[in-house]
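Hi everyone, thanks for making time. I'd like to walk you through one structure today, mostly its binding sites and a pocket.

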Amino acid sequence: MALVKKAKECADHIKDHTSALVVSHIDADGLTAAAIMKKALKRRGMDSRVIFVKQLDQKNLQEIADQNPELIIFTDLGSGMLDAIKSLKLNAVIADHHQPQGSYEYHLNPHIFGFNGGIEVSGSGMTYFIAREMGDNGDLAALAIVGAVGDLQHAKHGQLIGLNRTILEEGVKNKVIKYEKDLMLFGRQTRPVFKLLQYSTDIYFPGLTGSEEASIEFLKQIGIRQQGEKWRRWIDLELSEKQKIVSALIQFGLTRGIPGFKVERLIGEVYTLLCEREGTEVRDASEFSTLLNSTARYDHADIGLSVCMGDRGKSFDEACVLLNEHRKNLVEGLNFVKEKGITELHNLQYFDSGSKIRETIVGIVAGMSASFVNNRNLPIIAFADSQDGVKVSSRGNQDLLRKGLNLGAAISQAAKAVGGNGGGHDIAAGAFIPRESKNEFLKILDMKIGSQIN
Ligand code: C5P
Ligand code: C5P
Ligand code: ZN
């Protein structure tokens, strides 16, 4: 396969060096990508240092160049800055899955080989393909799956497909991961079962989501019992109890008219890391990825990286503390959107969180708010104040993609037009723009999206 050949070229180039600077993205996919590369380098006896950035721009690219590293390995980012990397004459390898802008010799990107980087493979997956050519690294498939799930690549089909499937099967063969059909609500491994309903933000269950009391009552009504004082976790329930809950939730979803509710959003493939202790935050790929987002998106990427590298002591404990904060922030963010509401233009809907939602998680909130906004025919655009301007995040859905929506292209063009920059995937994209240009940006974006979907 041409992609594997390119991965081997990248690996061979890396092997010609003694050390590397790894530059990666501050989310779960970026963390797992960096960890995969760091482990692969270490196993070859190569030195490495890892830094994380929110996005790559002229300024931080120049700063990286000024450090004069022997080799730079960009993971989960870089594809949007290929020309700049070239013109700075950086000696680089890029393993990314964002829509490419420009070209570069050692650039491994699924789009170039006819794969969809939005759903078929993540940045950590691309990094895994290179690592696999650097040595005996098949066990790292588990981290690549955590990265893919962190980017919600299993969301569209309720399971991983394409190159992710290849990685998954390799992980199964190497006994580091298993997959099965199960309830997709968050927290199966670690939370008392009512909390799965109470904190279900991917699917918003009106009346249950947000209410401990109602969630408990719902379970009692269908005959799920506590064990003494305690509620059991999902993994502790009998199969028949699980089935009861699933049917009741399907019933609830279908009769309450939840926007976009489908059984496939409730039941799908889940991924279990076999080398991790049962009942911990790193046993399930989805919980693991959220744990990682809780670190990197709050300036603590070092903690997440240590967890990826295997620390189940101090860093793991610190990450779990950050996880609580993160969950709280997401709930507060969602409440903000619910209270403040969302403004519709012709071809998009948006909310501006100002300084109320952190720019590094506003995209997650935008994605989750899709579960309760009424109009599913418009993509959601979100703004958050950022240090040097405004952060933009956008999220679409499958129906909109079928109509021709490509947020990555629209956002990148609209941002450029107002002196900012951005990009991403067809279904999710982001940008930074100057503060005073928000209205102008919205006008242009509205038009661009209009010409894509009409
Ligand atoms: O940087 P990047 O590739 O890491 O992130 C991908 C983004 O796309 C994630 O934030 C993820 O939430 C979003 N996404 C989405 N819906 C999908 C697939 C991805 O919102 N179906
Ligand atoms: O930040 P957010 O989660 O909204 O990002 C959505 C997608 O857009 C991610 O894949 C992210 O890497 C990408 N993005 C980008 N350039 C930016 C901002 C975000 O490619 N300036
Ligand atoms: Zn990614």
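**A pocket and two ligand sites**

So, let's start with the second largest pocket, where α3 gives the most to the lining, with 5 residues. Keep in mind throughout that this is a predicted model. α3 spans 58-66, and along with β2 (47-53) and β13 it is one of the elements that each put at least two residues into that lining. Altogether 31 residues line the pocket, and the ones nearest its centre are Lys 54, Gln 55, Asp 57, Asn 60 and Asp 388. The space in there comes to about 730 Å³. If you sort the lining by class, you get 11 nonpolar, 12 polar and 8 charged residues.

Okay, on to ligand 2. Which residues are closest to ligand 2? Out of the 16 residues surrounding it, those are Gln 55, His 98, Lys 391, Ser 393 and Arg 395. You've just met Gln 55, of course, as one of the residues nearest the centre of the second largest pocket. On the strand side, β11 (389-395), β12 (421-424) and β13 (428-433) each bring at least two residues to the ligand 2 shell. By class, that shell has 11 polar residues, with 3 nonpolar and 2 charged. And domain 1 (2-137) and domain 3 (341-453) each contribute at least three residues to it.

Now the contacts to oxygen atoms of ligand 2. His 98 puts a polar side-chain atom 2.8 Å from one. From the backbone, an N or O atom of Gly 430 sits at 3.2 Å, and one of Gly 424 at 3.4 Å. On its own, ligand 2 has 450 Å² of accessible area, and the protein covers 85% of that.

Last stop, ligand 1. Where does ligand 1 lie relative to domain 1 and domain 3? Between them, because both domain 1 (2-137) and domain 3 (341-453) give residues to its shell. The shell includes His 25, Asp 27, Asp 76 and Asp 151, and also His 98 and Arg 395, which you'll remember from the closest residues to ligand 2. Its classes split into 4 nonpolar, 4 polar and 4 charged.

For contacts to oxygen atoms here, look at three side chains. His 425 has an N or O atom at 2.7 Å, His 97 has a polar atom at 3.0 Å, and Arg 395 has an N or O atom at 3.1 Å. The protein covers 87% of the 470 Å² of accessible area that ligand 1 has on its own.

That's my tour, happy to take questions.

Notes
Residues numbered from 1 in each chain as written. Chains lettered and ligands numbered in written order. Predicted model: local features only at pLDDT ≥ 70, side-chain atom pairs only at ≥ 80, totals over all residues. Heavy atoms only, no water. Near = heavy atom within 4 Å. Polar contact = N/O pair within 3.5 Å; in protein donor to acceptor, adjacent residues only side chain to side chain. Areas by Shrake-Rupley, 256 points an atom, 1.4 Å probe, with all protein chains shown as cover. Helix = DSSP H or I, 4+ residues; strand = E, 2+ residues; numbered from the N terminus. Nonpolar A, V, L, I, M, F, W, Y, C, P; charged D, E, K, R; others polar. Domains from an automatic or database assignment. 1 Å grid on protein atoms, 1.4 Å probe; cavity = no way out; pocket = protein on both sides within 12 Å on 5 of 7 lines; lining within 4 Å. Points joined across faces, edges and corners; volume = space filled by probe spheres on them.
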